[in-house]
Amino acid sequence: MSMIPRLGRHAYHGAMIGGGPSGGGTQVRLAELVAALSLGVDLGFGQPMEHVLRQCLIALRMAERVGLDEGNRVVVYYTALLVNVGCHSDAHEQAKWFGDDIALKGAKYEHDLHSLAYAATTVRMIGSGNPPLHRFRVGLEFALAGHRDLAGMIARHAAIARLLAEQLGLPDAVQQAVGTSYEQWDGHGWPGELKGDAVPIAARLALLAEYTEVAHRIGGAEAAAALARKRAGAQFDPTLSELLCADPDAILGGLESARTWDAVIAAEPALGVRLSGEQFDSALAAVADFVDLKSPYTLGHARAVSGLAAAAGTRLQLATADLTALRRAGLVHGLGRLGVSNSIWDKPGPLGAGEWERVRMQPYLTERMLHQSPSLAPLGVIAVQCRERLDGSGYPRGLSGPAITMPARILGAADAYQSMTELRPHRPARAARDAAAELRADVRAGRLDTDAVEAVLAAAGHRVTSRREGPAGLTAREVDVLRLLAQGLSSRQIATRLVISPKTARNHIEHIYAKIGASSRATASLFAMRHGLLPAEHTPSA
C-alpha cells in the first residue's frame with residue numbers, strides 16, 4: 001500500500017478551469033500559477049516548500065514599512081516569487097560537475113557566495129557521488145575547461161528569470177527587478193552592472209527577504225537580524241537591513257503559524273495580473289518550457305505530450321471541459337521534476353533503489369505543487385495519475401483499474417509514447433514503431449488502457465486496426481462478454497444481449513477464463529475492475 005498521503009481533491013468534472021476562463025467565467029490569477037511554480041523552486045534549492053512564499057510575505061511587509069504604493073508593491077510581489085526561477089536552467093551542468101545540483105544550490109544559504117568557505121564547499125563537491133578515480137577525472141576536466149560553465153552562471157539565471165517574467169506578460173518594472181535580483185548593494189553581485197540605489201528596490205527587498213527567511217526558519221528572529229546586520233552595506237541595502245533589525249519580530253512574526261499559501265494569494269496587490277483563457281494557456285506553456293529546461297533530454301516534452309494527449313482525447317470524444325483539462329494537465333505534468341536532482345534525470349547508467357524512489361515521487365510533487373490553487377488543482381488530479389497503471393504496478397500510489405480516470409489514462413499513454421521516442425541519457429531515442437509495439441504490449445499485459453493507447457497512436461500517425469486486443473490478449477468481443485459477465489448476466493442473457501448463440505457465449509466465457517487465469521465470475525469481475533474494463537469507466541462526464 002502506498003504511504004503517500006492523499007491530498008484534498010478537486011474533481012476534474014464540473015469545477016473545471018474550462019468552466020472559468022475558457023468558459024467565460026472568473027479569470028485565473030497569475031499569482032496562483034507563479035506561487036505554485038515557486039514550490040518547485042523551493043525543492044530545487046533543497047528548501048522546504050513555501051520558503052519562497054514566506055520570503056514574499058517578508059518582502060511585502062517591508063515594502064509597506066518603506067511606504068511603497070500599490071503599483072510598486074505589485075513589482076515587489078512578483079519579483080519575490082520569481083527571484084530564483086531561472087536557477088534550474090543549467091541544472092544539467094551543475095550536476096555534471098558537482099554531482100547534485102540541488103545540494104549545490106542549497107549551499108548558498110550556508111555561506112556568503114564570495115567567501116572562501118563557499119569556494120571550499122563547491123570544490124569539495126566536484127564529482128561527488130562518484131568513485132575516487134572518476135572524481136579525479138571530473139576535477140581535472142573542470143580545472144581545464146569546466147570552470148567556464150560557471151562563469152556568468154548566476155547572471156544567466158537572472159536573465160532566464162527575466163525572460164519568463166516577460167513571457168508571463170508581467171510589467172517592465174517586474175522584468176527589470178527580476179533581472180537584477182542578484183545585484184548587491186556594494187556592486188559585487190551578478191551581473192555586477194548596478195550598485196546601491198541603482199538596484200531596483202524590489203530586487204533589494206527580495207534579496208534581503210530570501211536570505212533572512214532561511215535564517216529566521218533555522219534560528220529565529222535574532223538569527224535573521226544578525227544576518228541582516230552582518231551583510232548590511234555589502235550584500236544588502238543598509239537602510240533596509242536597519243529597518244528589519246529595528247523590529248524583526250514585527251516583520252518576521254507569525255510566519256511559522258500562518259497559512260502561507262492563503263496569505264500570499266490574499267496579499268496580492270489590487271493591481272495584480274488576471275488571465276483570460278488564452279492567456280492562461282500561454283502562461284502554462286511558458287512555465288512548461290522553463291521546467292523542461294532542467295534537462296537537455298526533456299526539451300519540448302511537455303508541449304509534445306499535451307498536444308498528443310489532446311488529439312487523442314478529441315478522438316475519444318471527451319467532454320469539452322475534460323479535454324481542456326487534459327491538454328493543460330499535459331503542460332504541467334512534469335512540474336515535480338524540479339524537486340529531483342539532475343544527477344538522477346541525466347544519469348547515463350541504471351538507477352539505484354534510492355534513486356528510483358525519488359523518480360517515483362515526481363508525480364506526487366507535481367500534485368503537491370498544484371493542489372492549493374482552485375484553478376490548478378484539477379490539473380494536478382490528472383497529472384498525478386499519469387504514471388499509474390491499470391494492474392496496480394504504477395506510481396506514486398499504486399492505483400489500479402477504476403481508480404484511474406480516463407483523462408489520466410490518455411495522459412499516461414501520451415507521456416509513455418513521447419518519452420520512448422525521445423533521447424535519454426541511458427538509451428537512444430526509440431523508433432516510433434517500436435514505441436507503438438511496446439505500448440500495445442502494455443495493453444496486452446493489462447497495464448495501459450486499450451482505447452487510450454490506440455487513440456494516442458492514431459494521433460501520432462500510426463495505423464490503427466479496427467480490431468484491437470485488450471489486456472491478456474482479449475478480443476474486443478471477449479471484452480464485451482466479460483463486461484456483461486461481471487454484471488452477473490448468465491451465458492443465455494449475454495447471448496441475447498449480443499445477438500449470438502448461447503453456445504458461442506459459453507465458448508467466449510471459456511476462452512476468457514483461460515486467457516485471464518480466472519475460474520469464476522467473481523475472479524473475472526476482479527480482473528475487469530483492475531483493468532478498467534467496466535462500462536462505468538467510459539461513461540461521458542456530465
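**Notes on loops, a bent helix and aromatic pairs**

1. V499 is found in the loop that runs between α25 (491-498) and α26 (502-516). The model is a predicted one, and in it the phi of V499 is near 55 degrees, a positive value in a residue other than glycine. V499 has a relative accessible area of 73%, and because exposed means over 50%, V499 counts as exposed.

2. Q317 deserves a similar reading, since its phi is positive, at about 60 degrees, although Q317 is not a glycine. Q317 lies in the loop between α15 (301-315) and α16 (320-332), and with a relative accessible area of 71% Q317 is exposed.

3. Two cis peptide bonds may be looked at next. One joins W190 and P191, with omega about 0 degrees, and P191 is found in the loop between α9 (172-179) and α10. Another runs from Y395 to P396, with omega near 15 degrees, and P396 lies in the loop between α20 (377-383) and α21 (406-420).

4. How far does helix α10 span between its end C-alpha atoms? Helix α10 covers residues 201-231, and a straight helix of 31 residues would span 45 Å at 1.5 Å a residue, but α10 spans only 17 Å. When tracing this helix, the student should look at G219, where α10 bends by about 140 degrees. After α10 comes G233, whose phi is positive, near 85 degrees.

5. The structure holds six aromatic pairs. One of them is formed by W97 and F142, which meet edge-to-face, 5.5 Å centre to centre and with 65 degrees between the planes. W97 lies in helix α4 (residues 91-98) and F142 in helix α7 (residues 132-150), so this pair ties together parts that are 45 residues apart in sequence. W97 counts as buried at 3% relative accessibility, and F142 is buried too, with a relative accessible area of 13%.

6. F142 also forms an aromatic pair with F98, again edge-to-face, at 5.7 Å centre to centre and with 70 degrees between the planes. Because F98 lies in helix α4 and F142 in helix α7, the pair ties together parts that are 44 residues apart in sequence. F98 counts as buried, at 2% relative accessibility.

7. A further group of rings is worth finding in the model: F45, Y109, Y211 and F236 form one aromatic cluster. The ring of F45 has the charged end of K105 sitting over it, 6.0 Å from the ring centre.

Terms used: Residues are numbered from 1 along each chain as its sequence is written. This is a predicted model: local features need pLDDT of at least 70, side-chain atom pairs count only at pLDDT 80 or more; totals for chains, interfaces and linings use all residues. Side-chain values use heavy atoms; hydrogens and water are left out. Helices (H or I, at least four residues) and strands (E, at least two) are DSSP runs, numbered from the N terminus. The expected span of a helix is 1.5 Å times one less than its number of residues. The bend at a residue is the angle between axes fitted to the seven residues ending there and the seven starting there. Rings of Phe, Tyr and Trp (its six-membered ring) pair if their centres lie within 6.5 Å; planes under 30 degrees apart count as stacked, over 60 as edge-to-face and the rest as tilted. Buried means under 20% relative accessible area, exposed over 50%, partly exposed in between (1.4 Å probe, protein chains only). A charge sits over a ring if NZ of Lys or CZ of Arg is within 6 Å of the ring centre and within 35 degrees of the ring normal.
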